[in-house]
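This report covers two kinds of packing, one between helices and one between chains. The sequence and structure come first.

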Amino acid sequence: MSFLAPFFLFLSILALPILLMYMLKLRRREVRVSSTLLWQAVLRDRQANTPWKKLRRNLLLLLQLLILVGLVVALARPAVATPSISSGSLVVLLDASASMRASDVDPSRFEAARAAVRTLIDGLSGSAQMTLIQAGFRPKVLASAENDRTELRHALQSATPTNGPVDWKTAFALAAGAASAEQGGAGAASPATIVIVSDGGLPETGLPPLPGEVRYMPVGTFANNLAISALALRPAGNNLELFTSLANYSDQPRQVVLSIYRNGELLNAQTVELLPNDETGVSLPDLPTGEAIFEARLEPAGTQEGPLDALPLDDTAFAVSQGQKNRRILVVSKGNFFLEQVLSALQGVTVYRALPSAASNEGAGGGIQLPQESFDLYVLDGILPTAPDSNLPVLPEGNLLLINPPPTALFNVTGTFTETQEARVADHPLTQFLDWREVQIAKARHVQLPAWAETLVSAGDNPLVFAGETDGRRIAVLTFDLHDTDLPLQIAYPILIANLINYLAPVQSIDAPENLLPGESVTILPGLGIQEVAVASPAGAVSTMRPNENGLLFSETGELGVYAVNFLKEKSQSVEYFAVNLFSEGESDIKPAATIQIGRTKISASEQEKLGKRELWPWFALAAFIVLVLEWWTYHRRL
Amino acid sequence: MIFDEATLRKLNQLTLASSRVRAGMIKGERRSTKRGTSIEFADYRNYTPGDDLRRLDWNVYARLDRPFIKLLEEEEDLAVHILVDLSRSMDWGDGESNKLHYALCLAAAMGSIALSSGDRLTVTTLQSGKVSAQFGPSRGAQNLVQMLNFLEGLKANGHTNLNQSVREYSLEARRPGLAFILSDLFSPAGYQDGIYLLQSKGYEVSILHILAPDEMDPPLAGDLRLVDVETGQAEEVSLDGGLREIYRHSLKAWQENFQNEFRKRGIRYMKLVTDTAWDKVVLYEMRKQGVVK
């Protein structure tokens with residue numbers, strides 16, 4: 001124990017007056033009595049009988065000295081060194097990634113981390129504050145500049161590990177903000193210290209710098225994990241091929257049984273030998289097509305007892321095979337060989353051609369009538385179809401690809417231009433692999449870019465190709481006639497058309513990347529006539545959404561497994577699936593890191609490096625108060 | 001003034017109510033246990049008609065040809081000795097509860113009864129181990145006023161040494177009779193030798209132990225230095241409830257001790273507290289005890 005204000009110990013000199021008062025004779029009041037004869041006898045009697053009286057005087061002295069001691073010590077602020085990371089305010093980043101669920105530390109690394117943070121809370125000095133940030137896919141601030149320890153413990157208890165990786169960039173940004181806020185706001189003597197409680201797995205680069213001191217509390221002891229690092233389905237000829245990759249993140253060679261299930265039925269099981277720190281690929285060809293859910297499972301090989309590895313989350317993976325649904329495309333054109341050729345080459349589409357109307361009158365745009373049926377995509381080549389009943393040009397409801405468009409309600413067309421030499425291709429998923437360098441365009445329509453569209457290819461300020469979403473439908477526009485360019489003769493042509501068709505008439509209504517990580521968002525594009533969309537998570541939690549003009553964003557993808565998306569129409573419903581898997585080397589490689597690197601600084605584990613101090617003065621003050629009550633009681637026993 | 005109108009009136013009533021001051025039971029019985037079986041001859045008296053002829057001394061009549069009545073000891077006029085402790089410790093208490101006042105009233109009461117009964121009264125004061133003042137011996141109610149004046153002028157002074165003073169009193173040549181000692185018995189030097197000597201001289205001793213109420217239960221508390229008014233001695237004491245209890249206990253034991261000792265020797269002992277009206281004491285308590293008839 002040490003004293004933070006030892007000066008006050010000098011007050012113990014007050015003990016001297018107390019002692020003096022007791023050592024000097026008691027001042028007694030003089031009283032006359034008729035005779036002391038009897039009193040002498042009484043006093044003689046008393047001496048023999050009650051040692052308590054003699055003791056009582058000494059007892060009072062002792063109690064008063066104790067009170068003095070208690071008060072003086074309390075004033076001198078005794079403090080006990082408690083093991084803690086820091087003695088000032090703290091900003092704690094609690095790693096809630098999937099690797100923290102590893103069971104190499106009993107019961108899990110996350111619980112160990114929780115216990116570590118609990119000792120941090122206990123070691124907080126009186127005025128220190130703590131900010132607790134749960135670092136997951138979406139970092140969450142659980143407690144902000146909180147001084148009350150009960151609140152902090154409560155917040156800590158509410159932290160849960162996730163199934164996916166951590167967005168360290170955002171977590172660091174939150175921590176930096178909290179650290180500077182605490183420093184500036186509280187005006188504390190020592191700046192806030194940032195403590196990272198994690199098992200490593202921070203990205204080497206790309207992290208923002210952190211102000212103040214950064215400490216690292218490692219969690220986890222050993223790495224012993226096997227994982228399915230990839231699972232994909234590829235069409236091969238008329239069938240499907242399943243490809244899976246197994247990774248061994250340990251230093252031992254491992255033998256494991258890989259089981260593949262299709263719609264719950266065991267399809268294939270094989271024993272796979274894995275070398276240490278190695279990946280092996282396994283492929284399963286000739287699988288039937290059609291809608292199915294594939295599951296890959298890792299199980300211990302025959303002789304091994306106990307669980308397979310420390311992290312079971314990545315020992316299962318799912319893949320969804322959607323049945324091939326042909327998309328219906330209607331081409332409204334006066335005849336375009338290039339268009340028809342490229343569209344028929346695409347897979348998974350059925351192309352229809354709109355016929356000219358019966359009473360073909362050469363009006364504005366030509367008399368091609370819009371059929372009654374609905375299509376997934378309308379390709380309008382230079383003209384607008386006429387409505388079935390009114391013979392007026394109309395823009396069809398639904399997704400559109402407009403080539404050499406006439407003026408429409410969607411955008412303004414003002415003349416033409418010819419300066420198309422310097423074409424620039426914007427960096428966009430739709431322009432992937434697009435090489436426009438050899439493309440020459442004679443002339444193009446001058447279209448004013450609408451607000452909802454993004455330019456994909458432009459010449460100067462004039463867009464050549466643009467696309468976007470509006471009113472719940474996707475529209476792409478080529479502002480030039482295909483006959484005015486040599487694009488159809490270039491390799492860029494089928495690539496561009498394929499990209500645009502996939503964008504405008506997607507196979508699935510769910511726009512989910514193949515390896516969707518927990519926490520990532522999924523865009524759901526309900527088609528026309530869908531009234532409600534219900535998403536069921538693997539555990540069974542259902543969330544319903546109403547389609548709106550912007551498409552639906554579903555982000556509750558924290559669980560691993562297969563999600564079912566129900567599209568509810570008025571009289572029917574359809575179901576599609578998507579899978580969320582933990583395909584993350586960062587998380588599956590659960591080797592705990594002894595040091596972490598932030599920018600150029602390497603931070604090693606700091607175990608109780610700095611000793612915090614916990615003040616004890618409240619206890620001494622309480623003790624002094626209790627003794628005071630005791631002394632009062634003893635004093636009053638006389639009367 | 002001690003003896004005011006009210007007091008004097010009370011005295012009167014008492015005198016009328018009582019006839020003799022005497023101690024003890026029927027003469028004969030007590031006499032016999034004390035002195036043996038014979039009746040002792042004391043003196044002669046002229047015959048007056050109506051006297052009991054059995055008492056006539058025929059031998060003297062034969063010789064002198066005049067009738068004389070044999071006077072037995074009992075028929076001698078009774079000597080009543082009242083000894084009042086006049087030490088400074090007696091002057092304790094306020095007003096009516098003053099011990100000295102009380103003692104003097106009691107002395108006056110018994111004195112006036114004795115005088116009216118035709119007894120030979122002597123009132124003496126004891127102080128500092130000596131006999132300090134004396135009234136009498138007197139006989140007859142005409143001396144009442146004189147006695148009261150005597151008592152009126154008494155002041156407490158000096159210390160208590162009952163042993164010495166009583167002893168001195170008993171050694172002086174006097175006719176023994178009834179002796180009443182009015183004191184608080186706060187005698188550090190003791191009391192036994194004096195009193196027993198008195199008794200052995202033929203006196204019938206009665207002790208009236210007078211105490212004030214605040215001597216019975218002192219209203220004191222705290223850290224005190226008790227100073228004795230007589231000796232000036234100091235006792236340091238830290239009083240609390242417990243100690244007072246012990247004091248009361250001590251006092252009770254002390255008085256019980258007196259009772260036992262005096263009873264063993266046939267000395268009458270009465271515990272008196274000054275808050276009890278003295279005339280009631282004389283009228284009832286003393287009658288009960290047989291001190292007054």
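A crossing of two helices is called left-handed if the near helix is turned anticlockwise from the far one by less than a right angle, and right-handed if clockwise. In this predicted model, α6(B) passes α7(B) in a left-handed crossing. Helix α6 of chain B covers residues 162-171 and helix α7 of chain B covers residues 192-200; they pack at an angle of about 20 degrees, with their axes 7 Å apart. Angles under 35 degrees count as roughly parallel, and therefore α6(B) is roughly parallel to α7(B).

On the α6(B) side, the contact is made by B:L162, B:N163, B:Q164, B:S165, B:V166, B:R167, B:Y169 and B:S170. α7(B) contributes B:D193, B:G194, B:I195, B:L197 and B:L198. Sorted by type, the residues of this contact are six nonpolar, five polar and two charged.

The second topic is the interface of the two chains. Here 21 residues of chain A are in contact with 29 residues of chain B. Three elements of chain B, β8 (222-228), β9 (234-239) and α9 (241-265), each supply at least two residues of the side that touches chain A.

The residue types on each of these surfaces are listed below.

| Set of residues | Nonpolar | Polar | Charged |
|---|---|---|---|
| Side of chain B that touches chain A | 15 residues | five residues | nine residues |
| Contact of α6(B) with α7(B) | six residues | five residues | two residues |

Strands also pair across the interface. Strand β2 of chain A (residues 29-33) runs parallel to β8(B), and five bridges join them. One of the bridge pairs matches A:V33 with B:D228 of β8(B).

Key. Residues are numbered from 1 along each chain as its sequence is written. Chains are lettered from A and ligands numbered from 1 in the order in which they are written. This is a predicted model: local features need pLDDT of at least 70, side-chain atom pairs count only at pLDDT 80 or more; totals for chains, interfaces and linings use all residues. Two residues are in contact if their C-beta atoms, placed from the backbone, lie within 7 Å. Helices (H or I, at least four residues) and strands (E, at least two) are DSSP runs, numbered from the N terminus. Ala, Val, Leu, Ile, Met, Phe, Trp, Tyr, Cys and Pro count as nonpolar, Asp, Glu, Lys and Arg as charged, and the others, Gly among them, as polar. Two strands pair if DSSP finds at least two bridges between them. Axes are lines fitted to C-alpha atoms, for helices over the stretch in contact, and angles run from 0 to 180 degrees between N-to-C directions. Angles under 35 degrees count as roughly parallel, over 145 as roughly antiparallel, 65 to 115 as roughly perpendicular and the rest as oblique.
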